[in-house]
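Trainee: I am new to this structure and would welcome a close look at a single part. Would you please take me through one element and what surrounds it?

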Amino acid sequence: MPAYVHVNLRVIDAARQTELAPRFLSALEEAGGKILHFGPVAQVLEGDEAPLPMAGVFEFATLALAQAFYNSEKYAPIKAERRLAQQARMFIVETQD
């Protein structure tokens, strides 16, 4: 069953973010993931807590593949640097059949 990594973020270091983007995409694709969406939050529909200004959704064939990507040796240094470039919230959801 497909799994989706959702990220909501604010860029805090644009130069670092620009440098990380192609490395992130390479690691994501190598792990079997693909970007379904990445861009600005268009509108808040519900809730009291304002979202961070950018959002993304990344698709993986399975929950295990999404978890393997997040915990991979290839993504580890990108993840550490990403935390210096962004303030982010990230979670995984899995479809149910």
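Mentor: A residue is called buried under 20% relative accessible area, exposed over 50%, and partly exposed in between. The model is a predicted one, and the part chosen here is helix 1, residues 14–30.

Leu25 has its place in this helix. Because its relative accessibility is 32%, Leu25 counts as partly exposed. Together with Ile35 and Phe38, Leu25 makes a nonpolar surface patch of about 230 Å².

Phe38 also leads to the second largest pocket, since Phe38 is among the residues nearest the centre of that pocket, along with Gln17, Phe24, Phe58 and Gln86. The space in this pocket amounts to about 230 Å³, and 14 residues line it. Helix 1 provides the largest share of that lining, 5 residues. At least two residues each come from strand 1, helix 1, strand 2, helix 3 (75–85) and strand 4. By character, the lining of the second largest pocket divides into 11 nonpolar residues, 2 polar and 1 charged.

Helix 1 also carries charged side chains that form salt bridges. The structure holds 6 salt bridges, and one of them joins the side chains of Glu19 and Arg23, with 3.1 Å from N to O. Both residues lie in helix 1, 4 residues apart, which is about one turn of the helix. Glu19 is partly exposed, because its relative accessible area is 39%. Arg23, at 28% relative accessibility, is therefore partly exposed as well.

A further salt bridge reaches out from the helix: the side chains of Lys74 and Glu30 meet at 2.9 Å, N to O. Glu30 belongs to helix 1 and Lys74 to the loop between helix 2 and helix 3, so this pair ties together parts that are 44 residues apart in sequence. With 58% relative accessibility, Glu30 counts as exposed, whereas Lys74, at 37%, counts as partly exposed.

For a view beyond the helix, consider the salt bridge between the side chains of Arg89 and Glu49, at 2.9 Å from N to O. Arg89 lies in strand 4 and Glu49 in the loop between strand 2 and strand 3, so the pair ties together parts that are 40 residues apart in sequence. Arg89 is partly exposed because its relative accessibility is 34%, while Glu49, at 58%, is exposed. Returning to the helix, salt bridges that share partners join Glu19, Arg23 and Glu81 into one network.

Notes
Residues numbered from 1 in each chain as written. Predicted model: local features only at pLDDT ≥ 70, side-chain atom pairs only at ≥ 80, totals over all residues. Heavy atoms only, no water. Patch = residues over 30% accessible without salt bridge, like charges linked within 9 Å, V, L, I, M, F, W, Y side chains within 5 Å. Areas by Shrake-Rupley, 256 points an atom, 1.4 Å probe, with all protein chains shown as cover. Salt bridge = Lys/Arg side-chain N within 4 Å of Asp/Glu carboxyl O. Buried < 20%, exposed > 50% of the residue type's maximum accessible area, 1.4 Å probe, protein only. 1 Å grid on protein atoms, 1.4 Å probe; cavity = no way out; pocket = protein on both sides within 12 Å on 5 of 7 lines; lining within 4 Å. Points joined across faces, edges and corners; volume = space filled by probe spheres on them. Nonpolar A, V, L, I, M, F, W, Y, C, P; charged D, E, K, R; others polar.
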